[in-house]
Amino acid sequence: MYNKKGVTMKRKLLKALKVLSISILVLILIGLFFPTWTPKIIEENSISVLEQVKINGTDHEIMIRGKNKSNPVIIFVHGGPGCSEIPYVIKYQDLLEDNFTIVHYDQRASGKSYHFFEDYSNLSTDLLVEDLLEMTDYISDRLDKEKVILIGHSFGTYIGTKAVYEAPEKYEAYVGIGQMSDVIESEIESLNYCIDQAHQMGNYKDVEYLQELREDIDRGEMLTPRNYVRKYGGTSRQFNDETEILKGYLFGSEYNLLDSIRFLISVNKYQGDLLEEAINDSLVNHVTKLEVPCYFIMGKYDYMTTVKAAKNYFNEIEAEEKEFVIFEESAHYPQFEEEEKFYEWMCEKFIK
């Protein structure tokens, strides 16, 4: 028997599904190609730009923000490798923008600086250092500065320390936040911390699993799994770093969906090789003297790059002026977790 009502309902359902499918496709396309920007700063001599510039033969995404271009200039070198801070960092630098002009850039093959059809077969930490030195020249010329302040965070300290070592004349000072040092020493300490915390919490399966990793970590063949470092409070204390980063990548005005895809591809393809270089060519063996003021800022609970390993490295560095600073309420992100304290410290050091 012919059921006209059933056929009509089926047609309505198919039509609704078609409309839904088209709507989802449109939303995806909008997300992929939606224009990106950084919020404007309305001041007479301010700057707030998000754009690509060609540095050392490839396009780099840069974000420059500050209320007065005459203020001291900071270049931030992000960590990861491959983990841009552009999508979320302005939430934590509003105070700094009062007294500094702040430059962030996505490193070669990272985030918005990853280009789908570009050849990255020559990507290396040395090439990233070359890029940073040329970026410094570009920023110094653009903002009419003889020297800039260089700040590295996490893996960015590996690139930043080498850059300052190679060309100290370009920099007013070096600030290492979550400073890398002897990676194997740091990772062994991180592993021991996680095992101790797991013991205290009665998580004996975690203890057993982490103990199985000891030989590989001792040989420098792997890092302490970051999900365990995060689980036991060695990544951040004052906010959830994963949530903050995810919100920035998905909902920040500086990144669209296509940019987030670039980020995921680049991290997956290149992070491991760059970390392996940092492990095999430790800063401890490469840089033991800096000809600029040198400051290490560490969160007390940082077990991504541990305080003890960083302090041991700091003690070996020769510099006319150096200071080791511990932020008591933070872990791997003291510049975000204790942003007011970081701002005050920066002003004390660099605002005359």
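Q: Let's start with one residue: what is the relative accessible area of cysteine 83, and how do I read it?

A: Happy to start there! Relative accessible area tells you how much of a residue a probe can reach: under 20% is called buried, over 50% exposed, and anything in between partly exposed. Cysteine 83 has a value of 28%, so it is partly exposed. Please keep in mind that this is a predicted model.

Q: Where does cysteine 294 fall on that scale?

A: Cysteine 294 counts as buried, because its relative accessibility is 0%. For the whole picture, 53% of the 352 residues in the protein chain count as buried.

Q: How many disulfides does a search of the whole structure find?

A: First, the general idea: a disulfide is a covalent bond between the sulfur atoms of two cysteines. In this structure, the search finds zero of them.

Q: Why does cysteine 83 have no bond to another cysteine?

A: Distance is the reason. The cut-off for a disulfide is 2.5 Å between the sulfur atoms. For cysteine 83, the closest cysteine sulfur belongs to cysteine 194 and is 18 Å away, so the gap is too far for a bond.

Q: Could you give me the overall layout of the protein chain before we go on?

A: Of course. The protein chain has 14 helices and eight strands. Its C-alpha trace spans about 95 × 60 × 40 Å along the principal axes. As one example of a separation within it, the C-alpha atoms of glutamate 323 and glycine 202 are 38 Å apart, with their positions 121 residues apart along the chain. Glutamate 323 belongs to strand S8, residues 322-327, and is partly exposed at 27% relative accessible area.

Q: How should I think about aromatic pairs, and how many does the structure hold?

A: Look at two numbers for each pair: the distance between ring centres and the angle between the ring planes. Planes over 60 degrees apart make an edge-to-face pair, and planes between 30 and 60 degrees make a tilted one. The structure holds 20 aromatic pairs. One of them joins tyrosine 88 and phenylalanine 336, with centres 5.8 Å apart and planes at 75 degrees, an edge-to-face arrangement.

Q: What parts of the chain does the pair of tyrosine 88 and phenylalanine 336 tie together?

A: Tyrosine 88 sits in the loop between strand S3 (73-77) and helix H2 (96-99), whereas phenylalanine 336 sits in helix H13 (residues 334-337), so the pair ties together parts that are 248 residues apart in sequence. Tyrosine 88 and phenylalanine 336 are buried. They also belong to a cluster linked by ring pairs, together with Tyr92, Phe239 and Tyr333.

Q: Which kind of pair do phenylalanine 296 and tyrosine 313 form?

A: Theirs is tilted, with 35 degrees between the planes and 6.0 Å from centre to centre. Phenylalanine 296 is in strand S7 (residues 294-299) and tyrosine 313 in helix H12 (residues 307-316), 17 residues apart. Phenylalanine 296 is buried at 0% relative accessibility, and tyrosine 313 is buried at 1%.

Q: Which rings have a charged lysine end over them?

A: To find such a contact, look for the charged end above the face of the ring. Lysine 112 places its charged end over the ring of tyrosine 255, 5.4 Å from the centre. Lysine 341 does so over the ring of phenylalanine 327, at 4.6 Å from the centre.

Q: Which residues make the nonpolar surface patch?

A: Here you look for nonpolar side chains grouped at the surface. Phe116, Phe117, Leu257 and Ile261 make a patch of about 410 Å². Leucine 257 lies in helix H10, residues 257-280, and is partly exposed at 33%.

Q: And the backbone: where is the cis peptide bond that involves proline 81?

A: Omega is the angle to check, and a value near 0 degrees goes with a cis bond. The bond running from glycine 80 to proline 81 is cis. Proline 81 is in the loop between S3 and H2.

Q: What is phi at asparagine 56 and at serine 154?

A: Check the sign of phi and the residue type together. Asparagine 56 is not a glycine, yet its phi is positive, about 55 degrees. Asparagine 56 is in the loop between strand S1 (47-55) and strand S2 (58-66), and is partly exposed at 24%. Serine 154 has a positive phi near 60 degrees. Serine 154 is placed in the loop between strand S5 (148-153) and helix H4 (155-166), and counts as buried at 13% relative accessibility.

Definitions and conventions
Residues are numbered from 1 along each chain as its sequence is written. This is a predicted model: local features need pLDDT of at least 70, side-chain atom pairs count only at pLDDT 80 or more; totals for chains, interfaces and linings use all residues. Side-chain values use heavy atoms; hydrogens and water are left out. Buried means under 20% relative accessible area, exposed over 50%, partly exposed in between (1.4 Å probe, protein chains only). Patches are made of residues with over 30% relative accessible area and no salt bridge: like charges are joined within 9 Å, nonpolar side chains (Val, Leu, Ile, Met, Phe, Trp, Tyr) within 5 Å. Accessible areas come from the Shrake-Rupley method with a 1.4 Å probe; for residues, only the protein chains shown count as cover. A salt bridge is a side-chain nitrogen of Lys or Arg within 4 Å of a carboxyl oxygen of Asp or Glu. Helices (H or I, at least four residues) and strands (E, at least two) are DSSP runs, numbered from the N terminus. Rings of Phe, Tyr and Trp (its six-membered ring) pair if their centres lie within 6.5 Å; planes under 30 degrees apart count as stacked, over 60 as edge-to-face and the rest as tilted. A charge sits over a ring if NZ of Lys or CZ of Arg is within 6 Å of the ring centre and within 35 degrees of the ring normal.
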